[in-house]
Amino acid sequence: QSQLMESGGGLVQPGGSLRLSCAASGFTLNDYAIAWFRQAPGKEREGVSCISSSGGSSDYSDSVKGRFTISRDNAKETVYLQMNSLKVEDTAVYYCAALLQTRCVPLADFASWGQGTQVTVSS
């Protein structure tokens, strides 16, 4: 009964692109800042990006700056993560989460998590 659902993952070659989507069920996505996380096998979950509820501000981890872009279309109540110039080390399960904040605040609690979508970057 996930209240968030990720989609758009898949298998791509290094240098390729994917666009992930995050949509809500049972609540209004537009009320929350939304963050993307990822977790690779044997690794801790890593914050990737976050966008405020209005879309007016965003944050990125150093590892994805310049390659990934987070955006949201509040008319569609959907948040996107455009991933370009993908690297093998980007391989992970990607999750979106709704923060109990309208802004991207470190260590904020979360209202909901998705079940994740697999991104595999391989030749």
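**Cores, strands and two unusual loop residues**

Modeller: In the largest nonpolar core, which has 24 residues, the members that touch the most other members are I34, W36, F68, V79, L81, M83 and Y94.

Biologist: What makes a set of residues a nonpolar core?

Modeller: A nonpolar core is a set of buried Ala, Val, Leu, Ile, Met, Phe, Trp, Tyr and Cys residues joined through side-chain atoms within 4.5 Å, where buried means under 20% relative accessible area, exposed over 50%, and partly exposed in between, with a 1.4 Å probe and protein chains only. This is a predicted model, in which local features need pLDDT of at least 70 and side-chain atom pairs count only at pLDDT 80 or more, while totals for chains, interfaces and linings use all residues. Residues are numbered from 1 along each chain as its sequence is written, and side-chain values use heavy atoms, with hydrogens and water left out.

Biologist: Which elements give two or more residues to the largest nonpolar core?

Modeller: They are β3 (18-24), β4, β5, β7, β8, β9 (92-99) and β11 (117-121), and β9 gives the most, with 4 residues. These labels follow DSSP runs numbered from the N terminus, with strands (E) of at least two residues and helices (H or I) of at least four. Another core, of 8 residues, lies apart from the largest one and includes F37, A97, C104 and A108.

Biologist: How do you know which residues F68 is in contact with?

Modeller: Contact means heavy atoms within 4.5 Å, and once neighbours within four places in sequence are left aside, the partners of F68 are R38, V48, Y60, L81, Q82, M83, N84, L86, D90 and Y94. F68 belongs to the covered face of strand β7 (residues 68-73), together with I70 and R72, whereas T69, S71 and D73 make up the uncovered face.

Biologist: Why are β7 and β8 said to pair?

Modeller: Two strands pair if DSSP finds at least two bridges between them, and β7 and strand β8 (residues 78-83) have 6 bridges in the antiparallel sense, so the term applies. Within that pairing, L81 of β8 is the bridge partner of I70.

Biologist: What makes E77 stand out in the hairpin of β7 and β8?

Modeller: The hairpin has 4 residues between its strands, and E77, in the loop there, has a positive phi of about 50 degrees although it is not a glycine. Most residues other than glycine have a negative phi. L107, in the loop between β9 and β10, is another non-glycine residue with a positive phi, near 65 degrees.

Biologist: Why is L107 called exposed, and why is E77 called partly exposed?

Modeller: L107 has a relative accessible area of 87%, which is over the cut-off for exposed, so it is exposed, whereas E77, at 31%, falls in between the two cut-offs and is therefore partly exposed.

Biologist: Why does S21 count as buried?

Modeller: S21, which is found in strand β3, has 17% relative accessibility, which is under the cut-off, so it counts as buried. Not counting residues up to four places away in sequence, S21 touches M5, E6, S7, W36, T78, V79 and Y80.

Biologist: Which class of accessibility does A111 fall in?

Modeller: A111, in strand β10 (residues 110-113), is at 34% relative accessibility and therefore counts as partly exposed. A111 touches Q3, Y32, A98 and L100, leaving out residues up to four places away in sequence, and its C-alpha is 19 Å from that of I70, with the two residues 41 apart in sequence.
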